[in-house]
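This report introduces a protein structure to a reader who has not met it before. The sequence and the model are shown first.

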Amino acid sequence: MKKSPLLNADIAYLVATLGHTDEITIADAGLPIPDHVQRIDLALTHGVPSFIDTVRVILTESQIEGVVMAEEFAQVSPELHQALLAELEAEQQRCGKTFSIQTVSHEAFKVRTQSSKAVVRTGECTPYANVIFQVGVVF
């Protein structure tokens, strides 16, 4: 059995097959997912699993170098936005790397998801609780 926290086979496979600069999206329950992008649907009920728990586990499995989020996230859902920034700061400390963090309009964010290798849908019901991770390298 795996030793790391990630048990979901679809996400484990996704992370194992990502290359440098590939992007994945972690989404709330309401983000539209383009038909041509792989959907990994974790949503069980409202809030389960949470956005931040999903982010935390994915960060244990993958190296990122870039982050994209909607500028509305900070304005409309400041507490969860701050929680995400705290997770990103902690990850930067753990891995010794600095991530670029970009904000775009929610409409531009939705367009950008069309380039994601996959969208991981959570049960999160907080508005704008979405993030795109650009994959880095561990060396």
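The account below moves from the overall fold to the nonpolar cores, then to single residues and backbone geometry.

**Overall architecture**

The structure is a predicted model. Its secondary structure consists of 5 helices and 6 strands. Along the sequence these elements follow the pattern α-β-β-α-β-α-α-β-α-β-β. The radius of gyration is 14 Å, close to the 14 Å that the globule rule gives for 139 residues, so the protein is as compact as a globular protein of that length. Taken along the principal axes, the box filled by the C-alpha atoms is roughly 35 × 30 × 25 Å.

Of the 139 residues, 44% are buried. The accessible surface comes to about 7,200 Å², and carbon and sulfur atoms account for 53% of that surface. The protein carries 10 positive and 17 negative charges, and the mean positions of these two sets are 6 Å apart.

How do the contacts spread along the sequence, among residues at least 6 apart? Of such contacts, 87% join residues at least 24 apart.

**The nonpolar cores**

The largest nonpolar core has 27 residues, of which F51, V55, V67, L84, L88, V131 and F133 touch the most other members. Two or more residues of this core come from each of α1 (9-17), β1 (23-27), α2 (51-61), β3 (64-70), α4 (78-95), β5 (118-121) and β6 (131-135). Which element gives the largest share of this core? It is α2, with 5 residues.

L84 illustrates how the parts of the chain meet. Leaving out residues up to four places away in sequence, L84 touches F51, I52, V55, M69, F73 and V131. Apart from the largest core lies another core, of 10 residues, including I33, V68, F109 and V119.

F133, found in strand β6, offers a second view of the packing. With a relative accessible area of 0%, F133 is buried, since buried means under 20%. In sequence F133 and I24 are 109 residues apart, yet their C-alpha atoms are 5.4 Å apart in space. Beyond its neighbours within four places in sequence, F133 is in contact with D22, E23, I24, I26, V55, I58, L59, I64, G66, V67 and L88.

**Two buried loop residues**

Is Q63, in the loop between α2 and β3, buried or exposed? Its relative accessibility is 12%, so Q63 counts as buried. Not counting residues up to four places away in sequence, Q63 touches C95, K97, F99, V135, G136, V137 and V138.

F99, one of the residues that Q63 touches, is placed in the loop between α4 and β4 (100-104). At 7% relative accessibility, F99 also counts as buried. Its contacts, leaving aside neighbours within four places in sequence, are Q63, I64, E65, V67, L88, E91 and Q92. F99 and K117 are 18 residues apart along the chain, and their C-alpha atoms are separated by 19 Å.

**Backbone geometry**

Most residues other than glycine have a negative phi, and most peptide bonds are trans. Which residues are joined by a cis peptide bond here? The bond lies between V48 and P49, with omega about -10°. P49 belongs to the loop between β2 (38-41) and α2.

T21 and Y128 each have a positive phi, although neither is a glycine. T21 lies in the loop between α1 and β1, while Y128 lies in the loop between β5 and β6. The table sets out their values.

| Residue | Phi | Relative accessible area | Exposure |
|---|---|---|---|
| T21 | about 80° | 40% | partly exposed |
| Y128 | about 65° | 24% | partly exposed |

**Summary**

The predicted model thus presents 5 helices and 6 strands and a largest nonpolar core of 27 residues. F133, in strand β6, is one of the residues that touch the most other members of that core. In the loops are the buried residues Q63 and F99, and also P49, which is joined to V48 by a cis peptide bond.

Technical notes
Residues are numbered from 1 along each chain as its sequence is written. This is a predicted model: local features need pLDDT of at least 70, side-chain atom pairs count only at pLDDT 80 or more; totals for chains, interfaces and linings use all residues. Side-chain values use heavy atoms; hydrogens and water are left out. Helices (H or I, at least four residues) and strands (E, at least two) are DSSP runs, numbered from the N terminus. The radius of gyration is taken over C-alpha atoms; the globule rule is 2.2 Å times the number of residues to the power 0.38. Buried means under 20% relative accessible area, exposed over 50%, partly exposed in between (1.4 Å probe, protein chains only). Contact means heavy atoms within 4.5 Å. Accessible areas come from the Shrake-Rupley method with a 1.4 Å probe; for residues, only the protein chains shown count as cover. Lys and Arg count as positive and Asp and Glu as negative; His and the chain ends are not counted. The place of a charge is taken as NZ of Lys, CZ of Arg, CG of Asp or CD of Glu. A nonpolar core is a set of buried Ala, Val, Leu, Ile, Met, Phe, Trp, Tyr and Cys residues joined through side-chain atoms within 4.5 Å.
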